[in-house]
Amino acid sequence: MILDLHNHSIKSDDGRAKVENYCQWIRKRGLPIDGFVLTEHRQFDAESDYRGLEDRTGLLILKGSEVETDYGHVLVFGVNSDMLAAFDFGRVDLSLERVLREVSRCGGVAVPCHPGRPRVGMCAHVEQRGAVEGVEIVETLNGGSRGRENQVAASLAERMGYRGVGGSDAHIVSHIGRCATRFEREIASIEDLVGALRAGGYEAVQWE
Amino acid sequence: MTSRSYQEVEFGEDLPEVEVDVSLSNVTRFCHATGMLAGRFMNHEEAREEGLPQAIVPGIMSQGLLVSLVHRWAPGCGIRKIDTVFRAPVLVDSAPRCCGVVTDKDDDSRTVELDLTIVNEQGETRVLGTATVVL
């Protein structure tokens, strides 16, 4: 099962893609992914219901978030009301340590994304201030990365023993499906995804 | 009038890519024409003094190059909206490509949505955006 774990729709301030068009694009281009996760910036989209779109397209559409911490941006999977009450998703100065702790306590999984990117990625902060306890997974393949950013991320993951996932970080329709995560197990819900991320048995994958 | 009809355009259709001229001389001509006379656009050394790797293409020139891509594809079309996000500088004296693809059609308004990007020689997206085009 292959899921693209990092994408933005028009719900994000810099997102320009409608979810329907993501699905249309995946089917039109025959992309080898079974679904994707919407990780809107600094928010969780609790309202949108994509079950009808899932039925029409046969794609799994899950929802997470991308929050901003003192160690860069972090994908959050398994968002629930307890988590939304635990910290303010809208802040840009969250503590990574706190996000990791609260997400775990509330039953979710937190994944620092594009860690090799300057300022908004974790690697440079780790070099300057040391590693943060509680990180288990990082995004080692990000579709929006430039230069050696993905290599830097992969090196960090190898050095620290983190597992790696992949996501396109798409903001426009045609960028979905550039990177993804291949899971050994089937995933049909956000609970399944959280369980799979915790259990292991996946790898980041990329297509040109 | 436009040379392309709404009916013949398909979702997923690629616009022909265009290699654009962002040589120092061409960018300098653009800067003089628009009054954007900052050194970071026209002088590599001055750009480096500002912490840039070399001179950079002005954002509105990048947007203009994307508009040009659309008009080459559909001469005479109306661009109702164009929206760009500048992810990274487009470097002067590099060899970027402008790319576009049809990502939506609206039968009521007879408009199409386009994804637009400027990518560098390494295939990295430097500018991305969308446009709404009336055919």
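**Notes on the A–B interface and P118(A)**

1. A good place to start is the salt bridge in which the side chains of R16(A) and D83(B) meet, with 2.1 Å from N to O. Please keep in mind that this is a predicted model, so the distance is a computed one. That pair belongs to a wider set, as the count between chain A and chain B comes to 5 salt bridges. On the side of chain A that touches chain B, the residues divide into 7 charged, 6 polar and 3 nonpolar.

2. Polar contacts deserve a look too. Across the interface of chain A and chain B, 11 residue pairs are in polar contact, with both residues at pLDDT 80 or more.

3. Now for the extent of the interface. Chain A brings 16 residues into contact with 21 residues of chain B. The area buried between the two chains is about 1,500 Å², and carbon and sulfur atoms give 51% of that. R16(A) appears again here: together with R146(A) and I172(A), R16(A) supplies 35% of the area that chain A buries against chain B, more than any other three residues.

4. Finally, a word on P118(A), which you will find in the loop of chain A between β5 (109-112) and α5 (122-129). Is P118(A) buried or exposed? Neither label fits: P118(A) counts as partly exposed because its relative accessibility is 49%, and the exposed class requires over 50%. As for its surroundings, P118(A) and E149(A) are 8.5 Å apart in space, C-alpha to C-alpha, and 31 residues apart in sequence.

Technical notes
Residues are numbered from 1 along each chain as its sequence is written. Chains are lettered from A and ligands numbered from 1 in the order in which they are written. This is a predicted model: local features need pLDDT of at least 70, side-chain atom pairs count only at pLDDT 80 or more; totals for chains, interfaces and linings use all residues. Side-chain values use heavy atoms; hydrogens and water are left out. Helices (H or I, at least four residues) and strands (E, at least two) are DSSP runs, numbered from the N terminus. Buried means under 20% relative accessible area, exposed over 50%, partly exposed in between (1.4 Å probe, protein chains only). Contact means heavy atoms within 4.5 Å. Buried area is the accessible area (1.4 Å probe) that two parts lose on being put together, summed over both. A salt bridge is a side-chain nitrogen of Lys or Arg within 4 Å of a carboxyl oxygen of Asp or Glu. A polar contact is a pair of N or O atoms within 3.5 Å; within protein, one must be able to donate a hydrogen and the other to accept it, and residues adjacent in sequence count only if both atoms are side-chain atoms. Ala, Val, Leu, Ile, Met, Phe, Trp, Tyr, Cys and Pro count as nonpolar, Asp, Glu, Lys and Arg as charged, and the others, Gly among them, as polar.
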